Amino acid sequence: MVVIGTGLAGARVAQRLGAGTGTGTGTVLIGEENHTPYNRVLLAEVLAGRYGPDVIALPTPQGPVLRTRAVRVDRAERRVHCADGSVVPYGTLVLATGSNPVLPPLRGLFAPGARELPGGVHAFRTMDDCLALSAAVGPGVRVVVIGGGLLGVSAARALAVRGAQVVLTQQAERLMERQLDPASSELVRRHLTDLGVEVHTECRVRGVGVTDGAVRRVELADGYLLDTDVTVLACGVRPRTGLARAAGLDVRRGVVVDDLLRTSDPHIRAVGDCAEHAGRVYGLATPAVEQADALAAALMAERVAAHGHAPADQAAPRPYTGTRTLTRLTLPGPGPLDLAAFGDPEPRPDDDVVQLADATRGTYRKVVVRGGRLVGGVLLGELAAVGALARAWEADDPLPDDDSPLLHLLTHPQALDFARPGETPTGGR
């Protein structure tokens, strides 16, 4: 068994396979980062100085870990060729190659023929990115963050906490437009503003100005110039599929997989940010973990069956059928902000909406009910209701006939839970 990728999905598969067999000697993990596998979701907390890199380390997978880059997959010989010259044979290969940051087509970002970013410009995707930003930023340093999605908001908050003078630019009309409705987005904007972040929405960046090999100006589409010492690119991610494409696998936006996470080659699976399941590429942590768990269970069952040790009554592994994602974001600092968003928070004309807002306390709660079922919601501030609401949404079960229990849940979350029969409420996720 060979796993390419030491991110959340790849490390999870290797760790689960090792735990399931009591030994990881049959699983080889290949990763090009020179760091212990870590939880990428928490990089913003490392950047803010809240956690050290060691705190966000993932459980160490059993078995060998090769610190090198996989450069070619030979499907005929079932071998992985690596940049350091090593060749690793496989029976089953798992692609967990993740995603790359999107580099926007900004005028002046790359000199003719150049492939490296100029000085002062940082993506925010890896531990190396995080450590380089930490070294470059301190009190009074001028920073421009390009991109106001989840990643850009997290980076801007972390940099502001470090004392930097931060300007956040967002091309869309509001921050985190994919997850939040206008009211909740405005609360996030207010939180950042209170930290000293200057926020510009409906603002397209056209180019950058380079002086002595480093970016010192960011040019907006209206001609306005922003002086900068550090520029952060937080413009989204793109599935990393080059290895799979070169190997001749079926690739669309991501590496195409079925419900058992199989690619077009029966000996190769794919999980996480690089995988496309049922036409969807998630690019989020929760789907990566669920895919990794489903794949590990399937591979262990196949291993047992191949050795003739499978009990006759052993249940078949459950196929992966998709993930209903919930976005969680905690923004510490003066007036800390907790946020959760799930499903579709924009109601249709016939939907029922329960909405509570307290401008003084900076809290906001909204849920959308469609056809008697919870289909989406946004909560900011006190998030005791999130666990129950998330389970009601994930279960997709009909809600009570009237909305009084739901309203009561939003106002007194500790008093009601939508746990399934026989299930113990967990109180959050």
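A disulfide is counted here as a pair of cysteine sulfur atoms within 2.5 Å, and the exercises below apply that rule, along with others, to a predicted model.

**Exercise 1. Find how many disulfides the model holds under this rule, and decide whether C82 and C235 are buried, partly exposed or exposed.**

Solution. Begin with the count: with the cut-off set at 2.5 Å between cysteine sulfur atoms, the number of disulfides comes to zero. Next, take the two cysteines in turn, recalling that a residue is buried under 20% relative accessible area and exposed over 50%. C82 has a relative accessibility of 6% and is therefore buried, whereas C235, at 28%, is partly exposed.

**Exercise 2. Determine which parts of the chain are linked by the salt bridge between R174 and E346, and how accessible each partner is.**

Solution. First, establish the contact: the side chains of R174 and E346 form a salt bridge with an N to O distance of 3.4 Å. Then place the partners along the chain, where R174 lies in the loop between β11 (165-169) and α5 (182-194), while E346 lies in the loop between β22 (337-343) and β23 (352-358). The two residues are 172 residues apart, and the pair links distant parts of the chain. Finally, compare accessibility with the cut-offs: R174, at 14%, is buried, and E346, at 34%, is partly exposed.

**Exercise 3. Describe the salt bridges D258 to R262 and R252 to D250, and name the residues that shared partners join into one network.**

Solution. Start with the total, which is 19 salt bridges in the structure. In one of them, R252 meets D250 with the closest N and O atoms 3.7 Å apart; R252 is exposed at 54% relative accessibility, and D250 is partly exposed at 32%. In another, the closest N and O atoms of D258 and R262 are 2.7 Å apart, and here D258 is partly exposed at 27%, as is R262 at 35%. Shared partners, in turn, join the salt bridges of R12, R16 and D293 into one network.

**Exercise 4. Work out the order of the five strands in the open sheet, and explain why β3 and β19 each have a side without a neighbour.**

Solution. Read the order first: the strands run β3-β2-β1-β7-β19, with parallel pairing. β3 (65-67) and β19 (268-270) stand at the edges with a single partner strand each, so one side of each has no neighbour in the sheet. From one strand to the next, the twist averages 20°. As a last step, look at β7 (residues 93-95), which pairs with β19 in the parallel sense over three bridges, and note that L95 stands opposite A270 in β19.

Note on methods:
Residues are numbered from 1 along each chain as its sequence is written. This is a predicted model: local features need pLDDT of at least 70, side-chain atom pairs count only at pLDDT 80 or more; totals for chains, interfaces and linings use all residues. Side-chain values use heavy atoms; hydrogens and water are left out. A salt bridge is a side-chain nitrogen of Lys or Arg within 4 Å of a carboxyl oxygen of Asp or Glu. Helices (H or I, at least four residues) and strands (E, at least two) are DSSP runs, numbered from the N terminus. Buried means under 20% relative accessible area, exposed over 50%, partly exposed in between (1.4 Å probe, protein chains only). Two strands pair if DSSP finds at least two bridges between them. Axes are lines fitted to C-alpha atoms, for helices over the stretch in contact, and angles run from 0 to 180 degrees between N-to-C directions.
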